[in-house]
Amino acid sequence: MMFFRNVNKSNMIIFALMLGVIILFLSFGNSRLGIIDYADKHCQRNTTCLIDMNKIIPFEWDKMYIIDKGIAPEDIEKIIGAKFNYETSLFYKIIFVRDQKVIYSDEYHPPNESYMKKFIKPNFHYPYERDGNYFSHYAISKDNSILSVKIENEPLMSDKIYYNIFPSNAQQTRGRGL
């Protein structure tokens, strides 16, 4: 009781908020946007499953972009319609935009994360288009927020589990119709 009497209430509130934010970011980063956790609970292996990103993203967003490897920062800015001040590399990205501002950006480095057993692996080939089906990015909007996920692993090859994500409809590919 003595401890609480001597501590300023606003300092306690600030400490609690900071601790909460740290815990949120640690759990958020580890679950890769919650996609892996959601898929583990609701999807079966080797079967395509639909995930509503509105149900798992814990912050407000307008659009989510999944961008293939090796896209230059100026091209990313054209794709997302916002300033992109993050360093880019040869790895693919997941970017969230709200009010024409990047509010979350993550880059995936599978070779650097070899200790991990679970990986998100975006697919940039839409399965229902016959010709020219490769695209460099896809855009998920709040009103078109369903992603397809297929959990795959080949136990004889490795102990890794891959969460293949891909658009659930053609309007999400190449950013068309958004």
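What follows is a short chat about this predicted model.

Me: Start with the basics. How many helices and strands does the chain have?
Reply: Five helices and eight strands. Keep in mind that this is a predicted model.

Me: And in what order do the elements run from the N terminus?
Reply: α-α-α-β-α-β-α-β-β-β-β-β-β.

Me: What share of the residues is buried?
Reply: Buried residues make up 39% of the 178 in the chain.

Me: What about contacts, how much comes from residues 24 or more positions apart?
Reply: Those account for 59% of the contacts with a separation of 6 or more.

Me: Surface next. What is the accessible surface of the chain, and what part belongs to carbon and sulfur?
Reply: The total is about 10,900 Å². Carbon and sulfur atoms hold 57% of that.

Me: Now the core. Which residues touch the most other members in the largest nonpolar core?
Reply: I35, I51, M53, M64, I66, Y138 and Y163. That core has 29 residues.

Me: Which elements give two or more residues to it?
Reply: The list is α3 (35-42), β1 (48-52), α4, β2, β3, β6 (137-141), β7 (146-152) and β8 (161-167). Of these, α3 gives the most, with four residues.

Me: Why would nonpolar side chains end up together like that?
Reply: In soluble globular proteins, they tend to be buried together.

Me: Take M64. What does it touch, leaving out residues up to four places away in sequence?
Reply: M53, I94, I95, F96, Y138, A139, I140 and L147.

Me: What other core lies apart from the largest one?
Reply: One of twelve residues. Its members include I71, F84, V102 and A139.

Me: Switching to rings. How many aromatic pairs does a search of the whole structure find?
Reply: Five. One of them is F59 with F96, an edge-to-face pair. The centres are 5.2 Å apart, with 85 degrees between the planes.

Me: Where do F59 and F96 lie?
Reply: F59 is in the loop between α4 (53-56) and β2 (63-67), and F96 is in strand β3. They are 37 residues apart in sequence, so the pair ties together distant stretches of the chain.

Me: Buried or exposed, those two?
Reply: F59 counts as partly exposed, because its relative accessibility is 22% and the buried class stops under 20%. F96 is buried, with a relative accessible area of 0%.

Me: And what is the geometry of W61 with F96?
Reply: Their ring centres are 5.4 Å apart and the planes sit at 85 degrees, so this pair is edge-to-face. W61 lies in the loop between α4 and β2, so the pair ties that loop to strand β3, across 35 residues in sequence. Both W61 and F96 are buried.

Me: Which residues form the aromatic cluster?
Reply: F59, W61, F96 and Y104 form one cluster.

Me: Any charge over a ring: which residue lies over the face of Y162?
Reply: K121 does, at 5.1 Å from the ring centre.

Me: Last one, K83. Where is it placed?
Reply: In the loop between α5 (73-80) and β3 (93-98). K83 counts as exposed, because its relative accessibility is 57% and the exposed class begins over 50%.

Me: What does K83 touch, not counting residues up to four places away in sequence?
Reply: E77 and V102.

Me: And how far is K83 from Q100?
Reply: 8.0 Å in space, C-alpha to C-alpha. In sequence, K83 and Q100 are 17 residues apart.

How values were computed: Residues numbered from 1 in each chain as written. Predicted model: local features only at pLDDT ≥ 70, side-chain atom pairs only at ≥ 80, totals over all residues. Heavy atoms only, no water. Buried < 20%, exposed > 50% of the residue type's maximum accessible area, 1.4 Å probe, protein only. Contact = heavy atoms within 4.5 Å. Areas by Shrake-Rupley, 256 points an atom, 1.4 Å probe, with all protein chains shown as cover. Phe/Tyr/Trp six-rings, centres within 6.5 Å; stacked < 30°, edge-to-face > 60°. Lys NZ or Arg CZ within 6 Å of the ring centre and 35° of its normal. Core = buried A, V, L, I, M, F, W, Y, C linked by side-chain atoms within 4.5 Å.
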